[in-house]
Amino acid sequence: MQTDRPDAPAPVSTDRRLSAALALIAGAALIVITTLFLIHHGVYLVFGLLGLAIAAAGAWFAITERDRRRIIGSSVAIIGLAIVIIALVLAIVDTGRFVIMAFVALGLFAVTTGCARHALTPHLHELDRLHQPFRPRHPVLICNPKSGGGKVERFGLVEHARDLGVETIVLAPGDDLEQLARDAIARGADCLGMAGGDGSQALVCSVAVEHDVPFVCVSAGTRNHFALDLGLDRLDPRTNLSAFVDGVQRHVDYATVNDRVFVNNVSLGVYATIVQQDSYRNEKAQTTAAMLPELLGSTAHPFDLQFRTPDGRDIDGSFLILVSNNPYSGALFDAGSRRRMDTGTLGVVAVSAQTGADAARLVALSAVGLRKTSPAWHEFTTDEFEVNSRSGQAYAGIDGEALDLATPLVFRSHHRGLRLLVPADNPLAESRRRSRNVDLRAIVQIAVQRSAVR
């Protein structure tokens with residue numbers, strides 16, 4: 001079924017054009033106000049950021065070291081926080097104009113971002129041109145009753161699905177999930193769904209991709225990162241079931257590591273090592289706190305991980321490598337989510353600090369938004385990526401599943417390779433997520449009626 005964008009853009013609605021113009025005006029005013037703010041109060045801002053950096057560096061040592069070093073790190077963190085508080089008090093006491101300027105700046109920021117997002121979000125009739133209804137003849141939903149603390153039973157997903165005419169399969173102890181999905185295809189299923197966590201979603205996705213049938217994501221896991229970044233309802237998984245009877249198709253990316261499908265991310269290094277521990281499942285915080293000093297402290301050995309950056313630099317000993325199916329947002333409020341799922345790229349973040357002091361400096365820079373200036377921070381996008389190890393093995397956390405894999409690890413992005421069946425209102429939710437990427441050029445084009453659907 002054709003779901004690509006049409007060649008000729010539709011006219012932009014009047015309210016979107018007005019919103020774009022207002023966003024540009026409010027944004028210009030925000031720049032002026034911010035400049036005045038920095039001129040009069042910049043010293044307090046610098047003072048506060050310095051304290052924040054000191055607190056972050058101290059917290060690093062408090063978490064990753066033991067005994068005397070932990071006490072010193074805690075003391076430094078307290079000093080840093082005290083500096084931040086002093087900076088705030090001085091700024092507020094200095095003059096009431098500080099408060100007024102701050103409120104005006106926040107108001108202009110809200111107007112700018114709100115109008116920009118409205119301008120960049122197409123209306124439903126514009127989105128209808130891109131997504132056609134699709135109803136499978138023989139849909140099958142596999143349910144994991146243990147996922148999310150029993151969400152399948154709590155929300156009555158099996159009964160709801162059956163009422164909609166969907167064949168349901170409840171995963172039992174000892175069942176092979178992948179084989180269940182393949183058996184469903186063999187019985188004539190033309191759509192596969194999974195009610196479970198992200199790891200289960202990825203496994204059933206791989207079977208759907210292999211047989212070129214659409215996939216339905218039902219958010220019945222604990223965190224449901226895949227559902228979040230697709231713009232699906234995570235609070236009530238029953239709403240996801242409407243995709244089986246009143247759905248539209250979307251094409252999104254999936255990724256592979258050594259031909260194993262993942263939909264969220266693969267973590268290597270410190271996190272992947274911690275999740276291998278048997279105690280991690282039941283005692284996450286305690287296990288992490290006990291192992292961090294051993295893995296990241298001053299006596300820790302470098303991790304056996306090597307890779308090459310797109311600009312040709314060879315990096316060795318990274319203690320953290322995160323490879324995601326589409327890059328994560330770098331914004332403050334949704335840094336752990338992906339605004340788009342169809343960029344055709346992997347997001348790669350790696351940290352290669354060799355000593356605790358290097359890591360503490362990186363943490364301090366990160367606290368004030370300057371982590372990209374550190375030579376120990378590596379962040380880029382690519383459609384293919386490779387990680388090696390001298391031992392020939394590497395621990396990996398793949399969509400939350402702990403595995404020990406043979407290296408080299410070859411990561412690939414498969415652009416728009418996954419056919420999704422989603423509720424009819426999902427394209428609008430997905431478009432709103434995209435609109436968080438405020439693009440000045442796109443706003444100008446909309447204001448002069450040169451753009452339509454993003």
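Trainee: Is D342 buried or exposed?
Mentor: D342 is buried, with a relative accessible area of 12%. Buried means under 20% relative accessible area, exposed over 50%, and partly exposed in between, using a 1.4 Å probe and protein chains only. This is a predicted model, where local features need pLDDT of at least 70 and side-chain atom pairs count only at pLDDT 80 or more, while totals for chains, interfaces and linings use all residues. Residues are numbered from 1 along each chain as its sequence is written, and side-chain values use heavy atoms, with hydrogens and water left out.

Trainee: Which side chain meets D342 in a salt bridge?
Mentor: That of R340, at 3.1 Å from N to O. The criterion is a side-chain nitrogen of Lys or Arg within 4 Å of a carboxyl oxygen of Asp or Glu. R340 counts as partly exposed, at 31% relative accessibility.

Trainee: Which residues do shared salt-bridge partners join into one network?
Mentor: E178, R182 and E210.

Trainee: And how many salt bridges does the rule give?
Mentor: Twelve. Among them is R390 with D316, at 2.4 Å from N to O.

Trainee: Which parts does that pair tie together?
Mentor: R390 lies in the loop between strand 14 (384–388) and strand 15 (393–398), and D316 in strand 10 (residues 314–316), so the pair links parts that are 74 residues apart in sequence. Strands here are DSSP runs of E, at least two residues, numbered from the N terminus. R390 is exposed at 62%, and D316 is partly exposed at 34%.

Trainee: Switching to sheets. What is the strand order in the open one?
Mentor: The six strands run 13-12-11-8-15-16, with antiparallel pairing. Pairing requires that DSSP finds at least two bridges between two strands. Strand 13 (377–382) and strand 16 (401–406) are at the edges with a single partner strand each, so one side of each has no neighbour in the sheet.

Trainee: How many bridges join strand 12 to strand 13?
Mentor: Six, with strand 12 covering residues 346–351. V348 stands opposite F380 in strand 13.

Trainee: What about the core, which residues have the most contacts inside the largest one?
Mentor: F262, L268, I321, F385, V387 and F411, in a nonpolar core of 40 residues. Such a core is a set of buried Ala, Val, Leu, Ile, Met, Phe, Trp, Tyr and Cys residues joined through side-chain atoms within 4.5 Å. A second, separate core has 33 residues, including I169, V213, F215 and L420.

Terms used. Helices (H or I, at least four residues) and strands (E, at least two) are DSSP runs, numbered from the N terminus.
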